[in-house]
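Trainee: Could we go through this one together before I head back to the bench?
Mentor: Gladly, let us open it and take the topics in turn.

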Amino acid sequence: MRELGDKIRVGILGGTGMVGQRFVTLLENHPWFQVTTIAASKRSAGQRYEDSVAGRWKMDTPLPDYVKDIVVKDVQDIEGVSSEVDMVFSALNMSKDEIRELEEKYAKTETPVVSNNSAHRWTPDVPMVIPEINSDHYAIIESQKKRLGTTRGFIAVKPNCSIQGYTPALAAWKEFEPTQLVVSTYQAISGAGKTFKDWPEMIGNVIPYISGEEAKSEQEPLKIFGHIENGEIVKAEAPLITSQCIRIPVLNGHTASVFINFAKKPTKEELIQKLVEFKGYPQEHDLPSAPKQFIQYMEEDDRPQVALDVDFERGYGVSIGRLREDTLFDYKFVGLAHNTVRGAAGGGVLAAETLTDMGYITRK
């Protein structure tokens, strides 16, 4: 555990959007981090944060007092933002090319970047981490710093929200060698940065297409299960995953329906035991935001449910249920994860805590 001294000064890039707002709520009274700077587009720059989000605060809790008077900076003022912070969270809403360039510029000011964006997820020396599963991938940061010419600046990313409900189960079942998955995800509208007020046409509606999500659902777990070789992360060859991603009229919570085959067929009891016993770096090091129980297994036939289970472990936990043998595959199950906590801002906070505990993020 790191020595607790002065708090690490944190900036939020894209802090006025939905994920940025979630960062603001999760970092209130954080024991290690203090939000000192919020940056956004020129449209919001120069305004008090409270004024910049007036009429578009999307969280279900009130705007925290501690950020109301922070004056929003222009996200393009890289030197100005970097001079006030020890690290930044990136929740930018720009093109991938713009995000990729901007995040590298921040890293080159010796400011670590923990990104919620997809722009750098396939950069070979950028770790894409679920802290309970592949925190060892942070070792690639030393190679990345050589490329960037930095001593403390780097970029680390978290994976897509769509994979959070089933990838932890795959990690728990690694010894049984998952070989094939058919995954359907049923994704909440907050994953698109929307509420029902913003997107009334989603009420009572289902849209069987989310741009780019299926490729992320199929490929990102393979990078997570990959290995470091010659200064790059080489993705795993298995399991093979095919997916469909569907938008449903739910505010928060991505549900996954999964069919799975194993090379070494386990019993149902063995699978459940591996789920509930599974833990990783955040639990072993008692990190501030770590769920005590990373994965819960629910015995009831009608669980997990978004309405009842999305906030398990403050939204940082994963719920699995309906595990049973299948007629075509070995097993099938249903997973649920909170897409803007575990799947987005919360995953970023937990990643930053892990990086801080490992010594990669420090006071400047």
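**Backbone, rings and charge**

Mentor: Arginine 322 lies in strand β13, residues 318-325, and since this is a predicted model, we should read each value as computed from it.

Trainee: What is phi of arginine 322 near?

Mentor: Phi of arginine 322 is near 55°, a positive value in a residue other than glycine. Most residues other than glycine have a negative phi.

Trainee: And is arginine 322 buried, partly exposed or exposed?

Mentor: Arginine 322 has a relative accessible area of 37%, so it counts as partly exposed. Glutamate 110 also has a positive phi, near 70°, and that residue sits in the loop between α5 (96-107) and β5 (113-115).

Trainee: OK, peptide bonds next. Which bond is cis at proline 239?

Mentor: The bond that joins alanine 238 and proline 239 is cis, with omega at about 5°, and proline 239 is placed in the loop between β9 (232-234) and β10 (240-247). Another cis bond runs from arginine 303 to proline 304, with omega near 5°, and proline 304 is found in the loop between β12 and α12.

Trainee: What else is in that loop between β12 and α12?

Mentor: Glutamate 299 lies there, between β12 (295-298) and α12 (306-309). With a relative accessible area of 56%, glutamate 299 is exposed, and on the surface it gathers with Glu300, Asp301 and Asp302 in a patch of negative charge.

Trainee: Switching to rings, how many aromatic pairs does a search of the whole structure find?

Mentor: The search finds 10 aromatic pairs. In one of them, phenylalanine 154 and tyrosine 360 have ring centres 6.3 Å apart and planes at 75°, so the pair is edge-to-face. Phenylalanine 154 is in the loop between α7 (141-148) and β6 (155-157) and tyrosine 360 is in the segment after α13 (341-358), so this pair ties together parts that are 206 residues apart in sequence.

Trainee: Are those two rings on buried or exposed residues?

Mentor: Phenylalanine 154 counts as buried at 0% relative accessibility, and tyrosine 360 counts as buried at 19%, where the cut-off is under 20%. In another pair, phenylalanine 262 and tyrosine 331 have ring centres 6.4 Å apart and planes at 70°, so that pair is edge-to-face.

Trainee: Where do phenylalanine 262 and tyrosine 331 lie?

Mentor: Phenylalanine 262 belongs to strand β11 (residues 254-262) and tyrosine 331 to strand β14 (residues 331-337), so the pair ties together parts that are 69 residues apart in sequence. Both residues are buried, and Phe262 and Tyr331 form one aromatic cluster with Trp173, Phe176 and Phe333.

Key:
Residues are numbered from 1 along each chain as its sequence is written. This is a predicted model: local features need pLDDT of at least 70, side-chain atom pairs count only at pLDDT 80 or more; totals for chains, interfaces and linings use all residues. Side-chain values use heavy atoms; hydrogens and water are left out. Patches are made of residues with over 30% relative accessible area and no salt bridge: like charges are joined within 9 Å, nonpolar side chains (Val, Leu, Ile, Met, Phe, Trp, Tyr) within 5 Å. Accessible areas come from the Shrake-Rupley method with a 1.4 Å probe; for residues, only the protein chains shown count as cover. A salt bridge is a side-chain nitrogen of Lys or Arg within 4 Å of a carboxyl oxygen of Asp or Glu. Lys and Arg count as positive and Asp and Glu as negative; His and the chain ends are not counted. The place of a charge is taken as NZ of Lys, CZ of Arg, CG of Asp or CD of Glu. Helices (H or I, at least four residues) and strands (E, at least two) are DSSP runs, numbered from the N terminus. Buried means under 20% relative accessible area, exposed over 50%, partly exposed in between (1.4 Å probe, protein chains only). Rings of Phe, Tyr and Trp (its six-membered ring) pair if their centres lie within 6.5 Å; planes under 30 degrees apart count as stacked, over 60 as edge-to-face and the rest as tilted.
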